[in-house]
Amino acid sequence: MKTNEMNYNGWAVNGFLALFVQLVVIPLLVFLAWKVAGTFSLFLIPLLVLIFALMAPGYFSQEPNEARVMVFFGKYKGTFRETGFYWVNPFLTKKKLSLRARNLDVEPIKVNDKIGNPILIGLVLVWKLKDTYKAMFEIDAQTMADGRGSGVAVSVAGRMNAFEDFVRVQSDAALRQVAGQYAYDDNEHDTDELTLRSGGEEINEQLVRQLNERLAMAGMEIVEARINYLAYAPEIAAVMLRRQQASAIITAREKIVEGAVSMVKMALDKLSAEEIVELDEEKKAAMVSNLLVVLCADEPAQPVINSGTLNH
């Protein structure tokens with residue numbers, strides 16, 4: 001995507017050198033001009049004093065992963081990214097920005113999933129500034145930062161908080177869009193369709209793409225986005241919990257019955273193979289019934305001892 005961002009190529013002097021000129025050279029010139037009698041000194045001394053005063057606003061220091069957007073009477077002159085102590089044209093407005101990564105925890109919001117169930121879904125993401133020109137001039141960060149639209153100067157903290165509010169609103173919109181494309185889970189239809197619960201990295205990657213598309217105009221980049229909260233809305237949570245419990249009970253019963261049938265078959269085969277006892281079809285059916293009751297019951301079975309014989 002096209003950008004108007006450019007590096008600042010104007011005059012930038014080492015701050016310590018400029019400080020030496022301001023504190024040593026200029027006072028020395030003022031002293032020499034005062035010593036020299038004549039009309040020329042009456043013009044030179046005020047000029048040197050004016051230069052001394054005007055040099056003060058030109059100093060600034062910059063740390064790694066910081067940048068300053070240079071504006072000269074409303075005209076963008078470039079972005080300064082070098083670290084250290086510098087002096088530049090004092091008439092330049094130096095808007096400080098942080099390029100460091102920042103966390104944002106988006107509070108859970110209520111949305112409808114693909115099949116219309118109301119759910120609560122939250123998001124945590126890592127973002128940072130990528131394009132300083134777009135961040136400063138494509139969105140109204142100044143007005144958002146001062147909160148009044150007065151156009152007054154704001155601190156870097158206020159400016160970054162304004163950017164964070166912009167990211168928060170766009171994250172809300174992207175989260176609603178992605179959540180509406182998938183069902184909460186697939187318990188109802190029992191399909192292999194991607195869901196919010198099972199999507200994992202695929203859902204997170206789609207969130208990153210959606211957010212980067214929305215934030216590209218503001219010069220911001222999403223490094224990582226993850227769903228960190230997912231639940232049914234309170235009004236249907238109890239019903240869905242009972243449905244999940246019923247589904248879990250059915251699944252467990254299927255496993256129990258499958259295991260019980262296998263054990264009964266093994267018992268009958270074992271009795272027949274080792275010729276322990278001969279059972280006719282009626283007694284096999286009774287034995288199968290008893291074993292299934294014992295193996296599938298929720299409570300321990302109460303044994304009944306038959307003291308009779310197998311033959312009547």
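**View 1. Arg-176 of helix α5 has a salt-bridge partner, Asp-172.** Arg-176 counts as partly exposed, at 39% relative accessibility (buried is under 20% relative accessible area, exposed over 50%, partly exposed in between; 1.4 Å probe, protein chains only). This is a predicted model: local features need pLDDT of at least 70, side-chain atom pairs count only at pLDDT 80 or more, and totals for chains, interfaces and linings use all residues. Residues are numbered from 1 along each chain as its sequence is written; side-chain values use heavy atoms, leaving out hydrogens and water. The closest N and O atoms of Arg-176 and Asp-172 are 2.8 Å apart (a salt bridge is a side-chain nitrogen of Lys or Arg within 4 Å of a carboxyl oxygen of Asp or Glu). Both residues belong to helix α5 (helices, H or I with at least four residues, and strands, E with at least two, are DSSP runs numbered from the N terminus). They are four residues apart, so about one helical turn separates them. Asp-172 is also partly exposed, at 23%. Elsewhere, salt bridges with shared partners join Glu-63, Glu-66, Lys-96 and Arg-100 into one network. By this rule, the count of salt bridges comes to nine.

**View 2. Glu-164 meets two arginines.** Side chains of opposite charge can pair when their charged atoms come close. One partner of Glu-164 is Arg-102, at 3.8 Å from N to O. Arg-102 lies in strand β7 and Glu-164 in helix α5, so this salt bridge ties together parts that are 62 residues apart in sequence. Another partner is Arg-168, at 3.3 Å from N to O. This pair stays within helix α5: the two residues are four apart, about one helical turn. How covered is Glu-164? It is buried, with a relative accessible area of 16%. Arg-102 is partly exposed at 25%, and Arg-168 is partly exposed at 31%.

**View 3. Strands β7, β8 and β9 form an open sheet.** The order is β7-β8-β9, and the pairing is antiparallel (two strands pair if DSSP finds at least two bridges between them). Strands of a sheet pair through backbone hydrogen bonds, either parallel or antiparallel. Which strands stand at the edges? They are β7 (102-112) and β9 (220-232). Each has a single partner strand, so one side of each is left without a neighbour in the sheet. From one strand to the next, the twist averages 20° (axes are lines fitted to C-alpha atoms, for helices over the stretch in contact; angles run from 0 to 180 degrees between N-to-C directions).

**View 4. Strand β8 pairs with both β7 and β9.** With β7, the antiparallel pairing runs over nine bridges. Here Val-111 has Ile-119 of β8 as its bridge partner. The hairpin of β7 and β8 has five residues between the strands, and Gly-116 takes a positive phi near 95° there. With β9, strand β8 (residues 118-129) pairs over 11 bridges. Leu-120 is matched with Ala-231 of β9, and Ile-121 with Leu-230. β8 is mostly covered: 10 of its 12 residues are buried.

**View 5. Helices α5 and α7 meet the sheet.** Helix α5 (residues 156-179) lies across β7, β8 and β9. It runs at about 35° to β7. Helix α7 (residues 201-215) packs on the sheet and touches β8 and β9. Its direction makes about 130° with that of β9.

**View 6. Thr-79 is a buried residue of strand β4.** Strand β4 spans residues 75-80. The relative accessible area of Thr-79 is 1%. Which residues does Thr-79 touch, leaving aside neighbours within four places in sequence? Its contacts are Glu-5, Met-6, Asn-7, Tyr-8, Ala-67, Arg-68, Val-69 and Thr-132 (contact means heavy atoms within 4.5 Å). The C-alpha atom of Thr-79 is 9.7 Å from that of Lys-96, 17 residues away along the chain.

**View 7. Helix α1 supplies the largest share of a nonpolar surface patch.** The patch covers about 1000 Å² (its residues have over 30% relative accessible area and no salt bridge; like charges are joined within 9 Å, nonpolar side chains, Val, Leu, Ile, Met, Phe, Trp and Tyr, within 5 Å). Helix α1 (residues 15-35) gives 10 residues. Among the members are Phe-20, Leu-29, Trp-34 and Phe-52. Leu-29 lies in helix α1 and is partly exposed at 39%.

Definitions and conventions. Accessible areas come from the Shrake-Rupley method with a 1.4 Å probe; for residues, only the protein chains shown count as cover.
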